[in-house]
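Dear colleague,

I am handing over the structure below, and I would be glad if you could read my notes with the coordinates open beside them.

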Amino acid sequence: ILYSSLGESSDLWRIGTENLTESILANDVAAEYWADISPDGERVAFQSVGQVNRPFSGSIDVASGSAAASPAVVASNGFAPAWSPDGKWIAFFKRVASGIEVWRVAATGEDSLKLAEGTILTPGYSTVPYLKLGTNHIEWSPDSLSLAYSAKSNGVSNIRLVGTDGTQDRQLSGNKDENETLSDPAWMPDGKGLTFYSEYTSPAPSRERGYRLWLYSLDDSSQRAIYDSHVRFRVLGLASDGKNIIIAQNENSAESAPVSEKANIYSLNI
């Protein structure tokens, strides 16, 4: 008789950037991952799941950073938490029978509110250790008054914006191509625009895969492609000057895997 057994676990650790001291943050019976640190650096929001390979099924917990204090559950069902810049709210996805929803809850666990629902794009992830692919799946505006996210309507993907109170849910981007998927919105520091990433397939007969980086202006509702490539790349985030975007691109142009053995890091001027 041949049989196999697999046991996986996941704990959250922290390391000081100055003294490099490591300490445990959360190591309950459940698996913990996909953490986000509060703007003041004092708290950590993360998800706790009973089965490590089911990241969309768990709770949102907040740890104070003290080893003596147990994490507090602020949402019993949710994943991929994201702190608001003012530290007041935590946004997260929730999977329900009808699909995916976007929620926000106060850091105390109070005032939870559903903000959006529908065919909403959720984070992709790798196998062990279940790292998220991409960034900014829910992106807070700099003033903490709205959230950008990706969703499909009638089979077409676009970036949408919704207020923190659940009102003014509207489409931002102007995509009309069912073969292009938009994701990873990232706000400009001044709050007057955002960037987002897209993957598309060219029309027949070529059916080539392509990848774009876009800039959207809230002032005039315009958007333009600032980078277009047939080589997969990943957006790492905005540079501190707010004028450049950092990306990682596969060194081997023929490689299509999300994670490559070798990559080059580029700074793109907006």
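What follows goes from the overall fold to the nonpolar cores, the aromatic rings and the charged side chains.

Please keep in mind throughout that this is a predicted model. The protein chain has 23 strands and zero helices. Its radius of gyration is 19 Å, which agrees with the value near 18 Å that a compact globule of 270 residues would have, and its C-alpha atoms fill a box of roughly 55 × 55 × 45 Å along the principal axes. Buried residues account for 45% of the 270 residues, and of the contacts between residues at least 6 apart in sequence, 35% join residues at least 24 apart.

Nonpolar side chains tend to be buried together in soluble globular proteins. In this model the largest nonpolar core has 25 residues, of which Tyr33, Phe79, Phe93, Val102, Ile120 and Leu147 touch the most other members. Two or more residues of this core come from each of strand 3 (31-37), strand 7 (79-83), strand 8 (89-96), strand 9 (99-106), strand 10 (113-120) and strand 14 (146-153). To take one of these residues in detail, Val102 touches Phe92, Phe93, Leu113, Lys114, Leu115, Ala116, Ile120, Ile138 and Leu147, if residues up to four places away in sequence are not counted. Another core lies apart from the one just described, and its 12 residues include Met188, Tyr211, Phe233 and Ile247.

Turning to the aromatic rings, the count comes to 11 aromatic pairs. One of them is the stacked pair of Phe196 and Trp214, whose ring centres are 6.1 Å apart and whose planes make an angle of 15°. This pair links distant parts of the chain, with Phe196 in strand 18 (residues 193-201) and Trp214 in strand 19 (residues 209-217), 18 residues apart. Phe196 counts as buried because its relative accessibility is 1%, and Trp214 also counts as buried, at 14%. Tyr197 and Phe233 form an edge-to-face pair, at 5.2 Å centre to centre and with 90° between the planes. Here too distant parts of the chain are linked, Tyr197 being in strand 18 and Phe233 in strand 21 (residues 233-238), 36 residues apart, and both Tyr197 and Phe233 are buried. Elsewhere, Tyr33, Trp34, Phe56, Phe79, Phe93, Tyr125 and Tyr130 form one aromatic cluster; Tyr33, Phe79 and Phe93 were named above among the residues that touch the most other members of the largest core.

Two charged side chains lie over rings. Lys94 is placed over the face of Trp103, at 3.7 Å from the ring centre, while the charged end of Arg212 sits over the ring of Tyr200, 3.8 Å from its centre.

Which residue forms a salt bridge with Arg212? The partner is Glu180, with the closest N and O atoms 3.0 Å apart. Glu180 lies in strand 17 (residues 180-187) and Arg212 in strand 19, so the pair ties together parts that are 32 residues apart in sequence. Since buried means under 20% relative accessible area, Glu180 at 6% counts as buried, and Arg212 at 18% is buried as well.

The count of salt bridges comes to eight. Another of them joins the side chains of Arg232 and Glu199, at 3.2 Å from N to O; Arg232 is in the loop between strand 20 (222-229) and strand 21, whereas Glu199 is in strand 18, 33 residues apart. Both Arg232 and Glu199 are buried. Glu101 and Lys114 also meet in a salt bridge, at 3.7 Å from N to O, and this pair links strand 9, which holds Glu101, to strand 10, which holds Lys114, across 13 residues. Glu101 counts as buried at 8% relative accessibility, whereas Lys114, at 35%, counts as partly exposed. Glu101, Lys114 and Glu117 are joined into one network by salt bridges that share partners.

A last note concerns Ser202, which has its place in the loop between strand 18 and strand 19. Ser202 is buried, with a relative accessible area of 14%, and, leaving aside neighbours within four places in sequence, Ser202 is in contact with Arg207 and Glu208.

With best regards

Terms used
Residues are numbered from 1 along each chain as its sequence is written. This is a predicted model: local features need pLDDT of at least 70, side-chain atom pairs count only at pLDDT 80 or more; totals for chains, interfaces and linings use all residues. Side-chain values use heavy atoms; hydrogens and water are left out. Rings of Phe, Tyr and Trp (its six-membered ring) pair if their centres lie within 6.5 Å; planes under 30 degrees apart count as stacked, over 60 as edge-to-face and the rest as tilted. Helices (H or I, at least four residues) and strands (E, at least two) are DSSP runs, numbered from the N terminus. Buried means under 20% relative accessible area, exposed over 50%, partly exposed in between (1.4 Å probe, protein chains only). A charge sits over a ring if NZ of Lys or CZ of Arg is within 6 Å of the ring centre and within 35 degrees of the ring normal. A nonpolar core is a set of buried Ala, Val, Leu, Ile, Met, Phe, Trp, Tyr and Cys residues joined through side-chain atoms within 4.5 Å. Contact means heavy atoms within 4.5 Å. A salt bridge is a side-chain nitrogen of Lys or Arg within 4 Å of a carboxyl oxygen of Asp or Glu. The radius of gyration is taken over C-alpha atoms; the globule rule is 2.2 Å times the number of residues to the power 0.38.
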